[in-house]
Amino acid sequence: MRATRRFSLGFRVLAGVSVVLLIGTLGVWSMVGVGLVTAGLATVSLAGLVVPCVLAGGSLLDMLGALVELVLEGVATLVGALVDAIASLFG
C-alpha cells in the first residue's frame, strides 16, 4: 500500500536542500563563528522549511508536525535520489 504524502515532490526537495544547507551552516558556525553570510544562509534554509508548513495551515501543533514530516520527507527524498544515482552507476 502506498502512503499518501502531504507535500509535493518540489516541497520535499526544497526541504532536503534546506536541511543540508542548515547542517552546513551550523558546521561553519561551530568552526568560524557567526557572520553575515552564514546568518543569511541559516535564515534562507529555515525559511525553506517553515514556509511550506505555514502554507499547510492549521494550528501551531499541526504546523510543528508538518515541519517534522517535511524535514523527514526531504531527507528521505535526497537519500532516495542518491541511492538511485549510485545504483545507476553500477547497472
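Select glycine 91 to start: this residue follows helix H3, and its phi is positive, near 95 degrees. The model on screen is a predicted one.

**Helix H3**

Now select residues 60-89, which form H3. This helix has 30 residues. From its first C-alpha to its last, H3 reaches 44 Å, close to the 44 Å expected at 1.5 Å a residue.

Which residues of H3 are buried? Pick out Ala66, Leu70, Glu73, Gly74 and Thr77. Show H1 and H2 as well, since these are the helices that the buried residues of H3 pack against.

**H1 against H3**

Keep H3 on screen together with H1. The two helices pack at an angle of about 90 degrees, and their axes are 7 Å apart. Angles of 65 to 115 degrees count as roughly perpendicular, so H1 and H3 are roughly perpendicular to each other.

To see the contact from the H1 side, select Leu9, Phe11, Arg12, Val13, Ala15, Gly16, Val17, Val19 and Val20. From the H3 side, add Leu70, Val71, Glu73, Gly74, Val75, Thr77 and Leu78. Colour the selection by class: the contact of H1 with H3 has eleven nonpolar, three polar and two charged residues.

**H1 against H2**

Next, hide H3 and display H1 (residues 9-31) with H2 (residues 36-56). At what angle do H1 and H2 pack? The angle is about 150 degrees, with the axes 8 Å apart. Angles over 145 degrees count as roughly antiparallel, which is why H1 is described as roughly antiparallel to H2. The crossing of these two helices is left-handed.

For the contact itself, select on H1 the residues Phe11, Leu14, Ala15, Ser18, Val19, Leu21, Leu22, Thr25, Val28 and Trp29. On H2, select Thr38, Ala39, Leu41, Ala42, Ser45, Leu46, Gly48, Leu49 and Pro52. Colour these by class too: the contact of H1 with H2 has 14 nonpolar residues, five polar ones and no charged ones.

**Leucine 26**

The last stop is leucine 26, which lies in H1. Is leucine 26 counted as buried, partly exposed or exposed? Its relative accessibility is 43%. Buried means under 20% and exposed means over 50%, so leucine 26 counts as partly exposed.

Finally, select valine 50 together with leucine 26 and display the distance between their C-alpha atoms: the two are 17 Å apart in space. In sequence, leucine 26 and valine 50 are 24 residues apart.

Notes:
Residues are numbered from 1 along each chain as its sequence is written. This is a predicted model: local features need pLDDT of at least 70, side-chain atom pairs count only at pLDDT 80 or more; totals for chains, interfaces and linings use all residues. Side-chain values use heavy atoms; hydrogens and water are left out. Axes are lines fitted to C-alpha atoms, for helices over the stretch in contact, and angles run from 0 to 180 degrees between N-to-C directions. Helices (H or I, at least four residues) and strands (E, at least two) are DSSP runs, numbered from the N terminus. Angles under 35 degrees count as roughly parallel, over 145 as roughly antiparallel, 65 to 115 as roughly perpendicular and the rest as oblique. A crossing is left-handed if the near helix is turned anticlockwise from the far one by less than a right angle, and right-handed if clockwise. Contact means heavy atoms within 4.5 Å. Ala, Val, Leu, Ile, Met, Phe, Trp, Tyr, Cys and Pro count as nonpolar, Asp, Glu, Lys and Arg as charged, and the others, Gly among them, as polar. Buried means under 20% relative accessible area, exposed over 50%, partly exposed in between (1.4 Å probe, protein chains only). The expected span of a helix is 1.5 Å times one less than its number of residues.
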